[in-house]
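Got the viewer open? Here's a quick tour, one selection at a time.

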Amino acid sequence: MFKLFKVGRFKIYANFSFVIGFLFFAYAIINFFAIKLSFYPKYLAYTLGFVTTAFLYLSIVLHELGHSIVAVKNGVPVKKITLFILGAMAHLEKIPENPKTELKIAVAGPLVNFAIALVLLPFVKYLSMPYWLWFTLFYLMFLNVLLGAFNLLPAFPMDGGRIFKSIIWIITKNEIRASKIAVLISRAIALAFIVLAIIDWKTWLWFGFIALFIIFAGNSEMTVIKLKSKLMKKKAKDVMTPIDKTSIEDEKLFFDTETDLWTIFSKMQTKKIFFAYIKNKNNQVVGYITFYRLIKDG
Ligand SMILES: [Zn+2]
């Protein structure tokens, strides 16, 4: 993992697999440009292909910044943005607590790509320019429409998966049910990709690869949601280790005996504190809870 640059408060990192992804797309796009612009000198087609790949990745970063800015505005801190083989990801420090926040954050990414395409549209449609420039702008517009549309696919970890989940969550008012339905749809889409990749691997191999990520992301969504449903049912007083200390030094986190475990879990995760004291109604410390305990047998 290495740091690329910083935009405002957001740090952009790249995973080593990103280099493979970048080279793969650069190779494909440069070859495509060489064919489509074969009547120009080769160096021009190659340069334009490379520049387009760079702009494609810039669009991907802008997409993640869209998620990140909306997340921060809605009280969800963003740790960093990382580029990897399949694109990029904004790391949210906590799971949005309500479906409307989750929906807004998820929609913001694809909207950025559609906005970029919209900005390019008048250039492509109305301005006269050399063909090579027109083709480059047109292709960049096309790639952004594709990026936005592909991310709307209703499967985790794509934004469409989050959008789909949050809409069902709004309708049913039940997050656990919404997650289960969204994961089911994700798995169906992954299965379809795998079948297509087996039937015609030349066209669908990349999608077979994406299917693995979809299955993986669906499983991790299920793990989190199962933990959440378990923790929400219990209260601090149910699992705390009792203590009879009255004065506490270097105190950091305090919760009421009636607080549900999911709230405690989320706060600990956001504040990166792995230990919390539990107080009773008279403001006396009566016990403590560790992060390990919450994960283990919450
Ligand atoms: Zn996204």
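**A helix over the sheet**

Start by selecting residues 42–73: that's helix H2, which lies across E1, E2, E3 and E4 and runs at about 15° to E4. Keep in mind as you click around that this is a predicted model.

Next, hide H2 and look at the strands themselves. They make an open sheet of four strands in the order E1-E2-E3-E4, and the pairing is mixed. Colour E1 (2–7) and E4 (87–92): these are the edge strands, each with a single partner, so one side of each has no neighbour in the sheet. On average, neighbouring strands here are turned by 25° against each other, direction ignored.

Now zoom in on E2 (residues 10–14) and E3 (residues 78–84), which pair in the parallel sense over three bridges. Pick Ile12 and you'll find Ile81 of E3 standing opposite.

From there, select residues 16–36 to bring up helix H1, and pick out Leu23 within that helix. Is Leu23 buried or exposed? Leu23 counts as exposed, because just 11 other C-beta atoms lie within 10 Å, and the cut-off for exposed is 12 or fewer. Draw a distance from its C-alpha atom to that of Ile85: you should get 9.8 Å, for residues 62 apart along the chain.

Last stop: helices H6 (residues 175–199) and H7 (residues 201–233). They pack at an angle of about 160°, with axes 8 Å apart, and are therefore roughly antiparallel to each other. Their crossing is left-handed. Colour the contact of H6 with H7 by residue class and you get 18 nonpolar, five polar and two charged residues.

Definitions and conventions:
Residues are numbered from 1 along each chain as its sequence is written. This is a predicted model: local features need pLDDT of at least 70, side-chain atom pairs count only at pLDDT 80 or more; totals for chains, interfaces and linings use all residues. Helices (H or I, at least four residues) and strands (E, at least two) are DSSP runs, numbered from the N terminus. A residue is buried if 20 or more other C-beta atoms lie within 10 Å of its own, exposed if 12 or fewer, and partly exposed in between; C-beta atoms are placed from the backbone. Axes are lines fitted to C-alpha atoms, for helices over the stretch in contact, and angles run from 0 to 180 degrees between N-to-C directions. Angles under 35 degrees count as roughly parallel, over 145 as roughly antiparallel, 65 to 115 as roughly perpendicular and the rest as oblique. A crossing is left-handed if the near helix is turned anticlockwise from the far one by less than a right angle, and right-handed if clockwise. Ala, Val, Leu, Ile, Met, Phe, Trp, Tyr, Cys and Pro count as nonpolar, Asp, Glu, Lys and Arg as charged, and the others, Gly among them, as polar. Two strands pair if DSSP finds at least two bridges between them. Two residues are in contact if their C-beta atoms, placed from the backbone, lie within 7 Å.
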